Amino acid sequence: MNDTNSFTLFEHTSRQLRNLCDEAGFPPTDDTAVDMLRELLGAGGERRLSDGPSWPSDVADDATPVEFSVALDDTGENAVRVLGEVIAEKPSMAANVVAARRFLDSVSDRLEIPTDRFDAVQDLFLPEQPQGKFAFWYSLIFRPNAKPKLKVYFNPGARGEDRAAELVAEGFRRLGMDEAYDSATEHSVHRPGQDRFTFFAVDLDDSPTSRVKLYISHYSATVEEVVRASQAVDGLDVDSIRDFCRVLGGDTVSFDGRPLISSYSFVDADPKRPGNYSLYLPIRDYVADDAEARERVAEFLSGRGSDPAGLDRALRALTDRPLTEGRGLLAHVSLRLGRFGTGTTIYLSSEGYEVLPPRAGTRAATGV
Ligand code: TRP
């Protein structure tokens with residue numbers, strides 16, 4: 001428990017979101033992000049943190065149903081994002097789906113968000129009794145002075161892990177991207193049981209850069225295995241992938257904790273070949289504590305010519321606890337490469353319900 005546990009979930013997370021938006025230069029009068037967060041959390045937002053989670057959301061390790069991320073584009077622009085699971089007042093897998101659809105109806109109406117892609121694949125990924133850890137999640141994407149964007153993540157294992165490949169291939173087909181499945185998996189799905197479909201995601205907007213994305217987790221993978229996975233996209237700077245893994249992974253040779261994840265982005269104008277590749281590294285499993293994670297991310301950002309001061313401001317927007325006292329505030333870091341834009345994204349936990357302890361017997365404990 002932390003000292004803010006008399007707060008409600010909405011109070012806690014909205015304060016963090018407001019701070020992040022302030023840091024990213026959003027106009028202070030703009031309540032759009034906080035209003036959307038309130039709607040996403042629904043009645044569950046009014047529960048006290050001290051009452052614990054009403055549903056074991058897999059969005060974050062401590063079951064908080066939201067996770068923040070700050071996307072740092074190499075162009076200097078930033079986005080603040082919220083990954084979130086809508087949880088029904090009386091939660092169950094089926095009830096959460098109903099509540100999450102209601103959220104989409106309301107938000108798409110109000111913000112004129114096109115839902116065609118969602119409509120095209122929803123019956124595929126949302127059976128009556130979805131299997132796995134989640135049915136679908138949202139990403140709410142905020143940029144200063146712009147209309148919020150929405151992205152939906154589906155679970156390829158919703159009809160059982162053994163049908164994941166079939167669902168993904170059919171999902172692409174329904175979206176007019178018949179060849180996307182083969183081009184995304186050709187370099188990335190080789191090790192049975194160890195290269196697994198994690199998310200099938202669709203941007204809900206009709207801009208030319210609106211993407212359909214496939215995420216593949218690589219269990220116990222080495223850097224060269226993800227370099228190979230990146231080769232579905234032509235002309236990438238593979239050295240930056242090696243650098244990313246080396247700096248953020250420390251001495252890790254085989255990533256045997258939570259997996260490295262690849263994602264491939266497709267757009268309507270080029271439905272056969274992915275235009276972007278992203279690599280996600282679950283840094284919390286490869287460090288002793290958040291101080292070590294912060295050092296590594298700062299080093300990586302400096303190496304790419306970005307100012308790490310923004311990282312520190314983002315961390316302080318969420319919490320003032322000492323970074324040595326927990327692990328997982330920095331949950332993932334991703335590197336985006338390709339024609340649709342390059343950059344680094346840092347995924348930050350809300351720690352609403354719990355601060356996970358540093359790893360025992362490592363440098364935090366020995367005081368090194
Ligand atoms: N908590 C889950 C995990 O760590 C899902 C998740 C949340 C995730 N945010 C993510 C996965 C960012 C990859 C990247 O696997």
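A residue counts as exposed when its relative accessible area is over 50%, and as buried when that area is under 20%. These legends describe a predicted model.

**Figure 1. Glu112 is an exposed loop residue.** Glu112 sits in the loop between helix H3 (93–111) and helix H4 (116–125). Its relative accessible area is 65%, so Glu112 is exposed. The backbone deserves a look as well. Phi of Glu112 is near 55°. That is a positive value, in a residue that is not glycine.

**Figure 2. Glu351 is a buried loop residue.** Find the loop between strand S12 (343–349) and helix H11 (363–366); Glu351 is there. Glu351 has a phi near 55°. Again the value is positive, and the residue is something other than glycine. Is Glu351 buried or exposed? Its relative accessibility is 6%, so Glu351 counts as buried.

**Figure 3. The ligand sits in the largest pocket.** Which residues surround the ligand? They are Asp58, Val59, Glu67, Leu83, Trp137, Phe199, Ile261, Tyr280, Arg284, His332 and Tyr347. Sort this shell by residue type. Seven of its residues are nonpolar, one is polar and three are charged.

**Figure 4. Polar atoms of Val59, Glu67 and Arg284 lie close to ligand atoms.** Start with the backbone. A polar backbone atom of Val59 is 3.1 Å from a nitrogen atom of the ligand. Now turn to the side chains. In Glu67, a polar side-chain atom lies 2.7 Å from a ligand nitrogen. In Arg284, an N or O atom of the side chain is 2.8 Å from an oxygen atom of the ligand. How much of the ligand does the protein bury? The ligand taken alone exposes 350 Å², and the protein buries 87% of that area.

**Figure 5. Asp195 is a buried strand residue with polar partners.** Asp195 belongs to strand S5, which covers residues 195–203. Its relative accessible area is 9%, so Asp195 is buried. Follow its side chain to two partners. A polar atom of the Asp195 side chain lies 2.8 Å from the backbone nitrogen of Arg191. The side chain of Asp195 also joins the side chain of His218 in a polar contact of 2.9 Å.

**Figure 6. Gly193 is exposed in the loop that leads to strand S5.** This loop runs between helix H6 (180–185) and S5. Gly193 has a relative accessible area of 51%, so Gly193 is exposed. Compare its place with that of Ala33. The two residues are 160 residues apart along the chain. Their C-alpha atoms are separated by 39 Å.

**Figure 7. Gly275 is buried in a loop between two strands.** The strands are S9 (260–267) and S10 (276–281). Why is Gly275 called buried? Its relative accessible area is 2%, and the cut-off for buried is under 20%. Arg246 gives a second point of reference. Gly275 and Arg246 are 29 residues apart along the chain, and 25 Å separates their C-alpha atoms.

**Figure 8. Asp289 is a buried loop residue whose side chain reaches backbone nitrogens.** Asp289 lies in the loop between S10 and H9. With a relative accessible area of 1%, Asp289 is buried. Which backbone nitrogens does its side chain approach? One belongs to Ala291, at 3.0 Å from a polar atom of the Asp289 side chain. Another belongs to Glu292, which the side chain of Asp289 reaches at 2.9 Å. Ile87 is a distant reference point: Asp289 and Ile87 are 202 residues apart in sequence and 30 Å apart in space, from C-alpha to C-alpha.

**Figure 9. Gly305 is exposed between two helices.** Helix H9 (290–303) and helix H10 (309–318) flank its loop. At 67% relative accessibility, Gly305 counts as exposed. How many residues separate Gly305 and Asp74 along the chain? The count is 231. In space, the C-alpha atoms of Gly305 and Asp74 are separated by 9.0 Å.

Definitions and conventions. Residues are numbered from 1 along each chain as its sequence is written. This is a predicted model: local features need pLDDT of at least 70, side-chain atom pairs count only at pLDDT 80 or more; totals for chains, interfaces and linings use all residues. Side-chain values use heavy atoms; hydrogens and water are left out. A residue is near a molecule or strand if one of its heavy atoms lies within 4 Å of it. A polar contact is a pair of N or O atoms within 3.5 Å; within protein, one must be able to donate a hydrogen and the other to accept it, and residues adjacent in sequence count only if both atoms are side-chain atoms. Accessible areas come from the Shrake-Rupley method with a 1.4 Å probe; for residues, only the protein chains shown count as cover. On a 1 Å grid over the protein atoms alone, a cavity is a set of points where a 1.4 Å probe fits but cannot get out, and a pocket is an open set with protein on both sides within 12 Å along at least five of seven lines; lining residues have an atom within 4 Å of a point. A molecule sits in a cavity or pocket if more than half of its atoms lie within 2 Å of its grid points. Ala, Val, Leu, Ile, Met, Phe, Trp, Tyr, Cys and Pro count as nonpolar, Asp, Glu, Lys and Arg as charged, and the others, Gly among them, as polar. Helices (H or I, at least four residues) and strands (E, at least two) are DSSP runs, numbered from the N terminus. Buried means under 20% relative accessible area, exposed over 50%, partly exposed in between (1.4 Å probe, protein chains only).
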